Amino acid sequence: MRLGVLVEVGLLGLAAALKEPKGHEYHWNPKNSRSPCPGLNALANHGYLPRSGLNIDLETLRNAVSAGFNFERTALDGPFNAAIEFNLSTSGNPDTFHLADLAKHDTIEFDGSLSRNDFDLGDDLHFNPAIWHTVAVSLDLYRLGPSEEDKYVTVEVAARARAARVKAAMAANKHFNASTAQMDGSPGTTGLYLTTLWDDVAGAAPKKWIRALFEEDRIPFREGYNPAIRKQKTLEDVGAMVTRVKAVDTDASKCKRRSRWGSH
Ligand code: HEM
Ligand SMILES: *[C@@H]1O[C@H](CO)[C@@H](O)[C@H](O)[C@H]1NC(C)=O
Ligand SMILES: *[C@@H]1O[C@H](CO)[C@@H](O)[C@H](O)[C@H]1NC(C)=O
């Protein structure tokens, strides 16, 4: 009896987790203001940020990262304040910005993004399927088996995919000009998506969740992501993840040698 009830509650919990919360269903509309950031776009596509993508202030951002991803409310004040301080806002209010304002190059936006082109090569705002495909292959996102491990991206794999993308971007863009500060942005965004999508039990990030976030600007509720039961993440968690990303030896030749000798 008791076990039956537990199983039932468990199944109900699972069904709830696979559903998008009421009022926070995913809607994608190309007319809305969107950014080069899949995290913010996803929050807007689920109505945690204004679906219009317009006039975002700090309080709205705090509520969104907390409700949508279970970040500590102030965890992402830093990038918000950076956006304000770069004076990139076109909203007419110095305390708010529109999502599309964030594409202004050489502020927060930098060269060598995982899913966007470089500013000098065209469109630094919208998702670029061809560029993302190269990264998705590096992350091995299309292979989900045969083992359980194959469903996840580790820090090591994510760090190597990031390094490979920056190398390819540098080769493709003779004006590649990410400054030192901006080069920190690249491991930073990898650390941020890993922290946001981290599965604490697996100790890695589910490939399906990564695909939903990047390919659809979608919070992967349908794939089991549930901010309500996730361990809250802090700025310190993001910092620790970025440190782990930076610590990975991304030298491709060494990496090949290791895998040839079958250590993973
Ligand atoms: C809420 C959690 C967040 C997550 C999960 C997230 C995730 C990401 C990821 C993965 C990227 C890299 C995209 C790529 O390389 O193609 C990115 C880029 C970016 N994010 Fe976020 N982000 C978050 C919050 C923020 C906040 C609060 C801001 C600032 C207000 C911001 C501004 C940006 C900008 C401007 C970029 C473009 C950088 C580039 O050129 O690649 N993000 N974000
Ligand atoms: C933004 O505007 C303020 C006030 O006008 C100015 O002091 C600051 O230097 C500007 N910041 C940038 C990055 O241009
Ligand atoms: C980078 O390139 C852009 C566009 O070509 C330019 O506006 C910007 O000033 C450059 N930044 C640096 C630090 O050279």
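Asp, Glu, Lys and Arg are counted as charged, Ala, Val, Leu, Ile, Met, Phe, Trp, Tyr, Cys and Pro as nonpolar, and the others, Gly among them, as polar. By this classification, the shell around ligand 3 in the predicted model consists of 1 nonpolar, 2 polar and 2 charged residues. The residues concerned are His 105, Asp 106, Phe 119, Asp 120 and Asn 177.

Three side chains of this shell were examined for N or O atoms that approach ligand 3. For Asn 177, a side-chain N or O atom lies 2.4 Å from an oxygen atom of the ligand. For Asp 106, the corresponding distance is 2.5 Å, and the ligand atom is a nitrogen. In the case of Asp 120, an oxygen atom of ligand 3 is found 3.2 Å from an N or O atom of the side chain. Ligand 3 on its own has 370 Å² of accessible area, of which the protein covers 45%.

Ligand 1 contains an iron atom, for which the only protein donor is the SG atom of Cys 37, at 2.2 Å. Cys 37 is located in the loop that connects α1 (2–17) with α2 (38–45).

A further loop, between α8 (207–216) and α9 (235–247), contains Thr 234. The relative accessibility of Thr 234 is 17%, and the residue therefore counts as buried, the cut-off being under 20%. When residues up to four places away in sequence are not counted, Thr 234 touches Glu 72 and Ala 75.

Terms used: Residues numbered from 1 in each chain as written. Chains lettered and ligands numbered in written order. Predicted model: local features only at pLDDT ≥ 70, side-chain atom pairs only at ≥ 80, totals over all residues. Heavy atoms only, no water. Near = heavy atom within 4 Å. Polar contact = N/O pair within 3.5 Å; in protein donor to acceptor, adjacent residues only side chain to side chain. Areas by Shrake-Rupley, 256 points an atom, 1.4 Å probe, with all protein chains shown as cover. Donors = N, O, S within 2.8 Å, 3.2 Å for Na, K, Ca; no water. Helix = DSSP H or I, 4+ residues; strand = E, 2+ residues; numbered from the N terminus. Buried < 20%, exposed > 50% of the residue type's maximum accessible area, 1.4 Å probe, protein only. Contact = heavy atoms within 4.5 Å.
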